[in-house]
Amino acid sequence: MSAQPACINPSATAPAPFPAVHFPIRAVLWLTGVILPVVALTIAVFFLLVVGFDLPPAMLVPALSIASVPLVNALLMRALGNARPALSRRLGHLHGFAIGTSILFTLLLLPHMAAGMAGLRYYGGVLLLALLLAPLLSLMAALAMRRLLEAHVRLPAVWPGALLALAIVGAPELPQAITQAGVHMASREAPATRANGVRLLRSLGNQKILLRLCDTGNDRLASLTDLFMITTAGTSASDARDAFYRLTGATYDELPDSMKEAAN
């Protein structure tokens, strides 16, 4: 007597339908995770075209990394609209990369958000604030999308993609950001702040970047940090020279021309 084949219950093997995300939540996620980063990137590119800055080759990778954030978030929003979402492993790692990029630029722009809030009373302040808040809001939106999807879809860990973003984008940006922060602190009026700025420059600052700031300030675009500084507080050559004197005890004018040219 032959055994009868077991019946397969389709409802027992098919994944449960993904619950619909309410329209207000979807609208907020689209706005903060996709639309606002695109607007911020458009503002930055428009600013470069108006001012007449050339995009240095070193900024190409960070710029493409920023552009990946709204693209990956849009793909996740598309998955959220499916009844049974399916995400590739590659997209999961790209999402981790986008999260790492958002974290990095949130940290870079965090000291300048207060200046953006203060600039709301001036013309264009809203656009400046949108530029400053875009990484933070896109990060929050990406994490919210991931939380919604992880309840029904297995996603790769965030940390491999995030570490890759920090390595690719952070490597050229962090020395610039740290040196700029040290110059700002070392040129302030409060003695404790000046002392902390000098310590920061001595321990983590980049001498070549400091010498370039002593020559031109932020007038020459060399990194995305320069772009952010230009659109907010900026670093003047006089502030950089003052910080250089506090750090070394020598004036910038006393340096040999060969050292100045090497920094540029």
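Let's start at the N terminus: over residues 1-15 pLDDT stays under 50, and the model places 2 contacts beyond four places in sequence for this stretch. Keep in mind that this is a predicted model. Across the protein, the mean pLDDT is 75, with 68% of residues at 70 or more. The two extremes of confidence are set out below.

| Confidence in the protein | Helix | Residues | Mean pLDDT |
|---|---|---|---|
| Lowest | helix 1 | 10-13 | 43 |
| Highest | helix 8 | 191-204 | 87 |

Now to a helix pair worth a look on your screen. Helix 3 (residues 60-80) packs against helix 4 at an angle of about 125°, and their axes lie 9 Å apart. That angle makes helix 3 oblique to helix 4. The crossing of these two helices is left-handed.

Which residues of helix 3 and helix 4 meet? From helix 3 come Pro62, Ser65, Ile66, Ser68, Val69, Val72, Asn73, Leu75 and Leu76. Their partners in helix 4 are Leu91, Leu94, His95, Phe97, Ala98, Thr101, Ser102 and Phe105. By character, the residues of this contact divide into 11 nonpolar and 6 polar, with no charged ones.

Follow the chain onward from helix 4 (89-109) and you reach leucine 110, found in the loop that leads to helix 5 (113-118). Is leucine 110 buried or exposed? Neither label fits: its relative accessibility is 49%, so leucine 110 counts as partly exposed, the cut-off for exposed being over 50%. The C-alpha atom of leucine 110 is separated by 8.7 Å from that of leucine 133, a residue 23 positions away along the chain.

Definitions and conventions. Residues numbered from 1 in each chain as written. Predicted model: local features only at pLDDT ≥ 70, side-chain atom pairs only at ≥ 80, totals over all residues. Heavy atoms only, no water. Helix = DSSP H or I, 4+ residues; strand = E, 2+ residues; numbered from the N terminus. Buried < 20%, exposed > 50% of the residue type's maximum accessible area, 1.4 Å probe, protein only. pLDDT = per-residue confidence, 0-100. Contact = heavy atoms within 4.5 Å. Axes fitted to C-alpha atoms, helices over the stretch in contact; angles between N-to-C directions. Parallel < 35°, antiparallel > 145°, perpendicular 65-115°, else oblique. Left-handed = near helix turned anticlockwise from the far one by under 90°. Nonpolar A, V, L, I, M, F, W, Y, C, P; charged D, E, K, R; others polar.
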